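This report describes how helices pack in one protein chain, and how that packing relates to the annotated spans. Please keep the sequence and the structure in view while reading.

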Amino acid sequence: MEAQSNSVNANTSSIYTCPMHPEIRQNHPGNCPICGMSLEPLLPNLDEADDNPELKDFKRRFWYTLPLTLIVVFLAMFGHQLNWFEMKVQSWIELVLTLPIVFWAGWPFFVRCWHSILNRSPNMWTLIGIGTGAAFIYSVVGTLAPQVFPASFISMGRVAVYFEATAAIISLTLLGQVLELKARSQTSTAIKSLLGLAPKTARKINKDGTEEDIP
């Protein structure tokens, strides 16, 4: 009976599932085939360290690109008032600053968006990926080839661009993911602490009255 119980616990702890799609289960780490999110253990394992590589990765992406996002948003909001650059030049500056935000910090979101489209399972990653991607592509075309747009699209000597919207949405989404992953990590740690309170051995009283400790 004890061996069977240990086998069940071992099998359960080796199952990985998706936080957004609990019907997805497999016996090894990986990504959800529907949304692309990293799979997590169905039950916490006391033998595993409290280490979340996805949380570390998203923290790095968020903090490294947050200054770029703040600069892009500041230029978009106040650049025309400060007159530090010509508006065409400002569009190029915003483009250069937004490139690492889109192609590095936000890349996992576009991968998840693509997976959701391939699997015909639209979700929030579909919305984020298409929305930020459309704003970025439109702004790039407006910066590189403004002549393809009607004259009514020209404002203050340039085509209005939306690099700040792309950067802000990606940074805010990263922040949300960091907070969510941190909360889930803390919950897992709390569950492990509770499981750690369970006794390591049980005392068995034999028929002859003797006692023995059983792991």
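How far apart do the end C-alpha atoms of residues 16–41 lie, and what percentage of the span is helix and what percentage strand? Those end atoms lie 4 Å apart, and the span is 0% helix and 23% strand, where helices (H or I, at least four residues) and strands (E, at least two) are DSSP runs, numbered from the N terminus. UniProt lists residues 16–41 as "domain: Heavy metal binding" in an unreviewed entry; its positions are given in the numbering used here, feature names are shortened, and annotations may be inferred rather than shown by experiment.

The model is predicted, so that local features need pLDDT of at least 70 and side-chain atom pairs count only at pLDDT 80 or more, whereas totals for chains, interfaces and linings use all residues. Residues are numbered from 1 along each chain as its sequence is written, and side-chain values use heavy atoms, with hydrogens and water left out.

The unreviewed UniProt entry also carries the annotation "transmembrane region", which covers residues 62–80, 92–111, 123–141 and 161–179. Two of these spans are compared with the domain below.

| Span | Distance between end C-alpha atoms | Helix | Strand |
|---|---|---|---|
| Residues 16–41 | 4 Å | 0% | 23% |
| Residues 62–80 | 27 Å | 100% | 0% |
| Residues 92–111 | 26 Å | 95% | 0% |

Helix α3 (residues 87–105) packs against helix α5 (residues 124–144) at an angle of about 150 degrees, with the axes 11 Å apart; axes are lines fitted to C-alpha atoms, for helices over the stretch in contact, and angles run from 0 to 180 degrees between N-to-C directions. The angle makes α3 roughly antiparallel to α5, given that angles under 35 degrees count as roughly parallel, over 145 as roughly antiparallel, 65 to 115 as roughly perpendicular and the rest as oblique. In this contact (heavy atoms within 4.5 Å), Ser 91, Trp 92, Leu 95, Thr 98, Leu 99, Val 102 and Phe 103 of α3 meet Phe 136, Val 140, Thr 143 and Leu 144 of α5. The residues of this contact divide into eight nonpolar, three polar and no charged, where Ala, Val, Leu, Ile, Met, Phe, Trp, Tyr, Cys and Pro count as nonpolar, Asp, Glu, Lys and Arg as charged, and the others, Gly among them, as polar.

Helix α3 also packs against α4, at about 50 degrees and with the axes 5 Å apart, which makes α3 oblique to α4. Here Val 102, Phe 103, Trp 104 and Ala 105 of α3 meet Trp 107, Pro 108 and Phe 110 of α4, a contact of seven nonpolar, no polar and no charged residues.

The axes of α2 and α4 come within 11 Å and cross at roughly 120 degrees, and the two helices are therefore oblique to each other. Glu 54, Phe 58 and Arg 61 of α2 meet Pro 108, Phe 109 and Arg 112 of α4, and these residues divide into three nonpolar, no polar and three charged. The side chains of Glu 54 and Arg 112 form a salt bridge (2.6 Å, N to O), a term that requires a side-chain nitrogen of Lys or Arg within 4 Å of a carboxyl oxygen of Asp or Glu. This pair links distant parts of the chain, with Glu 54 in helix α2 (residues 53–82) and Arg 112 in helix α4 (residues 107–118), 58 residues apart.
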